[in-house]
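Reader: Hi, I'm new to reading protein models. Could you walk me through this one?

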Amino acid sequence: MPLSPEQQAEIDTLRAAPQPTLRAVSPGLEAHLYTAHQVLDHGFVRVIDYMGDDAAICQAARVSYGKGTKSVQNDEGLIRYLMRHWHSTPFEMCELKLHVKLPVFVARQWIRHRTANVNEYSARYSIMDREFYIPAPEQMAAQSVVNNQGRGDALQGEEAARVLEILKTDSMRAYDHYEEMIGQDGQQGLARELARMNLPTNIYTQWYWKVDLHNLFHFLRLRADAHAQYEIRVYADAICNIVADWVPFAYKAFEDYRLGSVTMSAQMVDCMGRMLKGEAVTQESSGMSAREWREFQDVIEKS
């Protein structure tokens, strides 16, 4: 169960007592408030609070563009212009605060994005729950033979069962020892801040994560990408669905100019031009490394 009974009771109480407001609201995001969207086996993402909407982005942009802009350019067009030309400041006027429950090893990847405000569940103060991420069978994959930080084919049969049993057994054994070290039945026990060092990184933690829309889009561009690790990508996908309802114009521009776009080096652009003129360009004549050439071929195949 992703939500604890206490968390669910708090959400039910808040939902039962809506408050009037004079601030701008996003109807699409209001529907997500106090709703936990399940991710992985025990994780979730839920919206705690937010500030701004598509109109707030345009309002901020027009401070610098001047008064007459709205009469000649609609909001969606302006937002697409801002995204297309990498104007970041107007998107910083919107903020989102999320409550996220996630495995510790995913949190360690996530925290690399240092442009957010984070407050994490304290294992020095509280006892961690006995909840671990155990991959679904289709995610039990071998090491990729071409990518040192990626996966290859899924494990099959006895090999998959063997690895799965190790994951489950080690997780439970580590937690049993964690409980024993903390101390029960009058034992003094080890301090929680020390006992936690024995826990595996697939145990779940929780945090509040607050970020502005510009930096959120940067996070999503990297983590919702097909090359991102599956366990963090599914969180990014869940957040994408939330953001699409919050700022639909901005999210559509983000999809078109970031998620669905490609970046080409000067050498790639040159080679593309030469190919369009009928020249047979090879990796040796391209001026690119073998790896960059492979990436260029991927771009061409997707075009």
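**Salt bridges, cavities and a few odd angles**

Author: Sure. This is a predicted model. Start with E95, which is partly exposed, with a relative accessible area of 25%.

Reader: Which residue does the side chain of E95 meet in a salt bridge?

Author: The partner is K210. The N to O distance is 3.5 Å. E95 sits in strand β3 (residues 95-103) and K210 in strand β7. The two are 115 residues apart, so I'd call them distant parts of the chain, with helices and strands numbered from the N terminus.

Reader: And K210, how accessible is that?

Author: K210 has 27% relative accessibility, so it counts as partly exposed.

Reader: Why would two side chains pair up at all?

Author: Opposite charges can pair when the charged atoms come close.

Reader: How many salt bridges are found in the whole structure?

Author: The search finds 15. One of them joins K101 and E131, at 2.5 Å from N to O. This pair also links distant parts of the chain. K101 is in strand β3, while E131 is in the loop between β4 (117-120) and β5 (141-143). They are 30 residues apart.

Reader: Are K101 and E131 buried or exposed?

Author: Both are buried.

Reader: What about E193, where is its partner?

Author: E193 meets R124 in a salt bridge of 2.6 Å, N to O. E193 lies in helix α8 and R124 in the loop between β4 and β5, so the pair ties together parts that are 69 residues apart in sequence.

Reader: Is R124 buried or exposed?

Author: R124 is exposed, with a relative accessible area of 54%. E193, at 36% relative accessibility, counts as partly exposed.

Reader: Which residues are linked in a network of salt bridges?

Author: R80, K252 and D256 are linked that way.

Reader: New topic. How many cavities of 30 Å³ or more does the structure hold?

Author: It holds 2. The largest has about 60 Å³ of space.

Reader: What lines the largest cavity?

Author: K101, Y121, M128, D129, E131, Y204, T205 and Q206 line it. You've met K101 and E131 already, as a salt bridge pair. By class, the lining has 3 nonpolar, 2 polar and 3 charged residues.

Reader: Which strand gives the most to that lining?

Author: Strand β7 (residues 204-212), with 3 residues.

Reader: And the second largest cavity, what is its volume?

Author: About 30 Å³. Its lining is H113, T115, A116, W209, V211, N215, H218 and F219. The elements that give two or more residues to this lining are β7 and α9 (213-223). The largest share, 3 residues, comes from α9.

Reader: How many charged residues are in that lining?

Author: There are no charged residues there, just 4 nonpolar and 4 polar.

Reader: What about pockets? What volume has the second largest one?

Author: The second largest pocket has about 370 Å³. It is lined by 15 residues, and the closest to its centre are P18, Q19, E30, L33 and Y34. By class, the lining divides into 9 nonpolar, 2 polar and 4 charged.

Reader: Which element supplies the largest share of that lining?

Author: β2, with 3 residues. Both α1 (5-15) and β2 (43-51) supply at least two.

Reader: You named Y34. What is its phi?

Author: Phi of Y34 is near 65°, a positive value in a residue other than glycine. Most residues other than glycine have a negative phi. Y34 is in the loop between α2 (27-30) and β1 (37-39). At 25% relative accessibility, Y34 counts as partly exposed.

Reader: And L40, what is its phi?

Author: Near 55°, which is also positive. L40 is in the loop between β1 and β2.

Reader: Why does L40 count as buried?

Author: L40 has 19% relative accessibility. Buried means under 20%, so L40 falls on that side of the cut-off.

Reader: Last one. Which residues make the nonpolar surface patch?

Author: L190, L194 and M197 make a patch of about 290 Å². L190 is in the loop between α7 (157-182) and α8 (192-195). L190 is partly exposed, with a relative accessible area of 33%.

Note on methods: Residues are numbered from 1 along each chain as its sequence is written. This is a predicted model: local features need pLDDT of at least 70, side-chain atom pairs count only at pLDDT 80 or more; totals for chains, interfaces and linings use all residues. Side-chain values use heavy atoms; hydrogens and water are left out. On a 1 Å grid over the protein atoms alone, a cavity is a set of points where a 1.4 Å probe fits but cannot get out, and a pocket is an open set with protein on both sides within 12 Å along at least five of seven lines; lining residues have an atom within 4 Å of a point. Grid points are joined across faces, edges and corners, and a volume is the space filled by probe spheres set on the points. Helices (H or I, at least four residues) and strands (E, at least two) are DSSP runs, numbered from the N terminus. Ala, Val, Leu, Ile, Met, Phe, Trp, Tyr, Cys and Pro count as nonpolar, Asp, Glu, Lys and Arg as charged, and the others, Gly among them, as polar. Patches are made of residues with over 30% relative accessible area and no salt bridge: like charges are joined within 9 Å, nonpolar side chains (Val, Leu, Ile, Met, Phe, Trp, Tyr) within 5 Å. Accessible areas come from the Shrake-Rupley method with a 1.4 Å probe; for residues, only the protein chains shown count as cover. A salt bridge is a side-chain nitrogen of Lys or Arg within 4 Å of a carboxyl oxygen of Asp or Glu. Buried means under 20% relative accessible area, exposed over 50%, partly exposed in between (1.4 Å probe, protein chains only).
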